[in-house]
Amino acid sequence: MLSLIDSSKHVVLIAHEHPDVDSLGSACAFYSHLLRSKTKVTLFCATPSIDQKLSFLPWFDEVTDKFPSDADLAISFDCGSYSRLGIEYEGELINFDHHISNEYYGTYNCIDTNALSTTQVLYEWFVAKTIKINGKMANALYAGLLDDTRCFSAPSCTNAVFDMAHSLIQAGANHALCVEALFHSHSLASFRLKAEMLKRMKIVHDGRVALLEVDQALFASSGAFLRDCKAVVDEVLSLKTVQMALLVVELKRGGVKVSLRSDGVINAAELLHCYGGGGHRIRAGARIMDVDVEEIVKTILIDIQKELV
Ligand SMILES: [Mn+2]
């Protein structure tokens with residue numbers, strides 16, 4: 001894999017569509033690394049306007065949505081499936097990820113489903129290859145870890161995670177900057193959306209499941225975005241009796257986006273597998289086209305009930 005990277009003339013680093021910090025942070029860290037030895041490296045994301053919240057990441061302004069035609073190697077980060085790349089690319093591909101549902105679509109696949117973030121997979125790869133992590137890389141890797149563990153609140157945070165955080169801070173990661181950008185920079189629109197979502201929330205199956213439904217009218221009245229809904233479904237899982245939180249968002253062009261959160265007892269990724277979804281045990285998602293919202297909510301709630309014992 002190293003020799004493939006060394007011999008390539010134009011490497012393209014791919015963050016998934018509508019990237020989160022883990023995906024784009026991984027790509028930015030690798031970009032920083034490759035810039036030390038290569039002249040032609042491209043930071044690519046198929047989404048033309050990326051959430052400005054991520055602008056604290058190094059090289060954010062270098063990200064382009066134009067895929068270079070002379071690329072001879074692509075490296076994807078945090079993309080569980082080939083379709084997440086958002087482009088058609090036939091050449092050599094290295095796939096760095098931590099999703100249980102990863103489809104191993106690369107020429108080389110660097111997957112660790114026990115890692116809490118793709119930046120953790122990447123960090124361990126850098127350490128194993130004795131590649132020096134500079135300050136920019138450290139900050140990007142740290143940001144991905146911080147976001148995917150929701151500020152280290154994930155119960156699965158292990159010694160390895162805190163050791164990684166410690167080394168990255170020593171290497172120049174800025175904890176205060178990352179926390180400020182990721183957790184303390186909410187928009188008023190997201191607060192308005194959250195208030196309405198919580199008002200409409202339904203608690204079902206003896207208080208063990210929370211259901212949040214968002215339609216297009218709510219986006220229009222609040223001015224908020226899909227990503228703002230996800231923060232609410234994450235938070236709802238912290239309700240004392242709630243084991244699973246289900247978010248169903250009506251999409252503009254038809255169909256729904258489903259996000260499922262689990263306290264870990266039920267495997268969310270497995271539950272959404274039959275709907276073409278994927279993710280992790282505790283967080284999973286699916287895009288389901290051509291369905292009636294009411295029907296799909298009913299069906300998924302029945303699926304969840306079957307798993308609750
Ligand atoms: Mn991730």
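In which sense do β10 and strand β11 (residues 283-288) pair? They pair in the antiparallel sense, over two bridges. This report describes a predicted model, taking its two sheets in turn and then the helices that pack on them.

**The mixed sheet**

Strands β10 and β11 belong to an open sheet of six strands, whose order is β6-β7-β8-β9-β11-β10 and whose pairing is mixed. At the edges stand β6 and β10 (278-279); each has a single partner strand, so one side of each is left without a neighbour in the sheet. Within the pairing of β10 with β11, Gly-279 has Ala-284 of β11 as its bridge partner. Helix α9 (residues 226-236) lies across three strands of this sheet, namely β7, β8 (244-250) and β9 (256-262). The helix runs at about 160° to β8.

**The parallel sheet**

Another open sheet is formed by five strands in the order β2-β1-β3-β4-β5, and here the pairing is parallel. Its edge strands, β2 (41-45) and β5 (108-111), each pair on one side only. From one strand to the next, the twist averages 15°. In general, strands of a sheet pair through backbone hydrogen bonds, either parallel or antiparallel. Strand β3 (residues 73-77) runs parallel to strand β4 (residues 93-97), and four bridges join the two. One residue pair in this region is Ile-75 with its bridge partner in β4, Ile-94. Helix α2 packs on the sheet and touches β1, β2, β3 and β4; the direction of α2 makes about 160° with that of β1. Helix α3 lies across β3, β4 and β5, running at about 115° to β4.

**Helix α2 and its two helix partners**

Besides touching the sheet, α2 packs against α3 and α4, as the table sets out.

| Helix pair | Angle | Axis separation |
|---|---|---|
| α2 and α3 (residues 118-128) | about 25° | 8 Å |
| α2 and α4 (residues 135-148) | about 165° | 8 Å |

The angle of about 25° between α2 and α3 makes these helices roughly parallel. Their contact brings Asp-22, Ser-23, Gly-25, Ser-26, Ala-29 and Phe-30 of α2 together with Thr-118, Thr-119 and Leu-122 of α3. By type, the residues of this contact are three nonpolar, five polar and one charged.

With α4, in contrast, the angle is about 165°, and α2 and α4 are therefore roughly antiparallel to each other. The crossing of α2 past α4 is left-handed. Residues of α2 in this contact include Val-21, Cys-28, Ser-32 and His-33, while those of α4 include Lys-136, Met-137, Leu-141 and Asp-148. The contact of α2 with α4 divides into seven nonpolar, five polar and four charged residues. Asp-22, Gly-25, Ser-26 and Ala-29 of α2 take part in the contact with α3 and also in the contact with α4.

**Two loop residues with positive phi**

His-18 lies in the loop between β1 (11-15) and α2 (21-35). Its phi is near 45°, a positive value in a residue other than glycine. His-18 counts as partly exposed because it has 17 C-beta neighbours inside 10 Å.

Asp-206 likewise lies in a loop, the one between β6 (202-204) and β7 (209-214). The phi of Asp-206 is near 55°, again positive in a residue other than glycine. With 9 other C-beta atoms within 10 Å, Asp-206 is exposed.

Definitions and conventions
Residues numbered from 1 in each chain as written. Predicted model: local features only at pLDDT ≥ 70, side-chain atom pairs only at ≥ 80, totals over all residues. Buried ≥ 20, exposed ≤ 12 C-beta atoms within 10 Å, placed from the backbone. Axes fitted to C-alpha atoms, helices over the stretch in contact; angles between N-to-C directions. Parallel < 35°, antiparallel > 145°, perpendicular 65-115°, else oblique. Contact = placed C-beta atoms within 7 Å. Nonpolar A, V, L, I, M, F, W, Y, C, P; charged D, E, K, R; others polar. Pairing = 2+ DSSP bridges. Left-handed = near helix turned anticlockwise from the far one by under 90°.
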